[in-house]
Amino acid sequence: MDPALLRERELFKKRALSTPAVEKRPAASDSGSHKKKKPKLDKEGSSGSKHSTESSNGNINIKASSGYKFGCLAKIVNYMKTRHQNGDTHFLALDEILDETKLLDISMKQKHWLMTEALVNNPKIEVRDGTYGFKPKYNLKDKKALLRLLDKHDQLGLGGVLLDDVEEGLPNAAKAIKALGDQIIFVTRPDKKKILFYNDKHCQFTVDEEFQKLWRSVPVDSIDEEKIDEYLKKQGISSMQETGPKKVMTVQKKKKQSGQRKRQFKTHNNHLAGVLEDYSDGVPAKK
C-alpha cells in the first residue's frame, strides 16, 4: 500500500479521536407527547388532503364525462348529416357509427346513454329498427323533388324555402340547384340568408303601364304590417313569418304629461268652517 495514504489515514484517525461528539437526547415527556400528537396531525392532514383531492377529482370527472358525452353526440350528428349530404342515406347500427366516427373507446354506460336517450330524442336523428339515419327538415332525393316542393309552396302561398334547409336534406344540393337553372329564383334576406322560390313562368306577362301607375299610386304608408297580415289572412294568404327574420319588439315609453300638476293642499279646522273668516282678499268692511 502507498505509504502516503497510510499516513493520511493515521492523521484522520487522530483528528477524529481528538474531536468529542456529544449526543443530545430529548426528554422523556417531550418524546412521549411528540410521538402521540404527531400521528394525529399527520392523520388529520392526510385525511383532509385526501378528501379535498377526492372531491375535486370527482367534480372534474363529472364535468369531463358530461362534456365528453355531448361531444360524442355532436360528432355523431355532424357525421350523419355529412354522409346524408353526400348521398349515403342508408341507416346504420350504433356500432357501425362508432366505428366510422372512431369513437370505439367510449364506455358501456355512455353507449347505453346514446341508445336510450341521446339519439332517440335528437330531432335530427331518425331511429328505424335499431338503426339510425339523419332526419332533415325536407327529405329530398333529387332535383325533381326540390322543384315539386317549391311548386307546392308557391301554390299554397307558403312562400319560399331556406337554402340551408335544402342543402341539409338534398344530397349534392349545389349540383341539383345549378341544374335547375332559371326555374328557381334566389332572394337574399336582410340577415344574408338565401330563400329559394319557384319561378312560375306562366305568370310572366306584361302589365299595362296605366295599371302600374294606379298600383303605385295607392298609399300604404299609413297601414302597418299587422293590418296587412290580417288582411292577407282574411283573403286566405299566409305570410312568411316563419322563414323571415325575427322582429325585435320595441317597448314604447310612456309620454310625460306636459305641464305641472296642481298641488292639492289638505284642509284643516273643518269643524270651524262657520266661525272662521277668510282674510286673503283683505280685511272685510264692517257691516
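**Notes on strands, helices and one ring pair**

1. Let's start with a single rung of the ladder: V187 has I195, a residue of β5, as its bridge partner. Keep in mind as you look around that this is a predicted model.

2. That rung belongs with strand β4, residues 184-188, which pairs with β5 in the antiparallel sense over five bridges. If you want another residue of β5 to look at, find Y198, which stands opposite I184. As a bit of background, strands of a sheet pair through backbone hydrogen bonds, either parallel or antiparallel.

3. Now look at the link between β4 and β5. The two strands make a hairpin with five residues between them, and K192 there takes a positive phi near 75°.

4. Strand β5 (residues 194-198) has another partner to check: β3, residues 161-162, pairs with β5 over two bridges, again in the antiparallel sense. Here you can spot V161 standing opposite L196 of β5.

5. Put these strands together and what order do you get in the sheet? Reading across, the order is β3-β5-β4, an open sheet of three strands with antiparallel pairing. The edges are β3 and β4, as each of them pairs on one side only.

6. Helix α5 packs on this sheet and touches β3, β4 and β5. Its direction makes about 80° with that of β5.

7. Helix α5 (residues 143-155) also packs with helix α7 (residues 173-180), at an angle of about 65° and with the axes 9 Å apart. Angles of 65 to 115 degrees count as roughly perpendicular, and α5 and α7 are therefore roughly perpendicular to each other. The crossing of these two helices is right-handed.

8. Which residues make the contact between α5 and α7? On the α5 side you'll find K143, L146 and L147, and on the α7 side A176, I177, A179 and L180. Sorted by class, this contact has six nonpolar residues, one charged residue and no polar ones.

9. There's another hairpin to look at, made by β1 and β2. Strand β1 covers residues 125-128 and strand β2 residues 131-134, and they pair in the antiparallel sense over four bridges. One rung to find is V127, whose bridge partner in β2 is Y132. Two residues lie between the strands, and D129 in the turn has a positive phi of about 55°.

10. Last stop, the aromatic rings: how many aromatic pairs does a search of the whole structure find? The search finds one. The pair is F70 with W113, and it is edge-to-face because the planes of the rings are at 80°, with the centres 5.3 Å apart. Follow the chain and you'll see that the pair links distant parts of it: F70 sits in helix α2 (residues 28-85) and W113 in helix α4 (residues 108-118), 43 residues apart.

How values were computed:
Residues numbered from 1 in each chain as written. Predicted model: local features only at pLDDT ≥ 70, side-chain atom pairs only at ≥ 80, totals over all residues. Heavy atoms only, no water. Axes fitted to C-alpha atoms, helices over the stretch in contact; angles between N-to-C directions. Parallel < 35°, antiparallel > 145°, perpendicular 65-115°, else oblique. Left-handed = near helix turned anticlockwise from the far one by under 90°. Contact = heavy atoms within 4.5 Å. Nonpolar A, V, L, I, M, F, W, Y, C, P; charged D, E, K, R; others polar. Pairing = 2+ DSSP bridges. Phe/Tyr/Trp six-rings, centres within 6.5 Å; stacked < 30°, edge-to-face > 60°.
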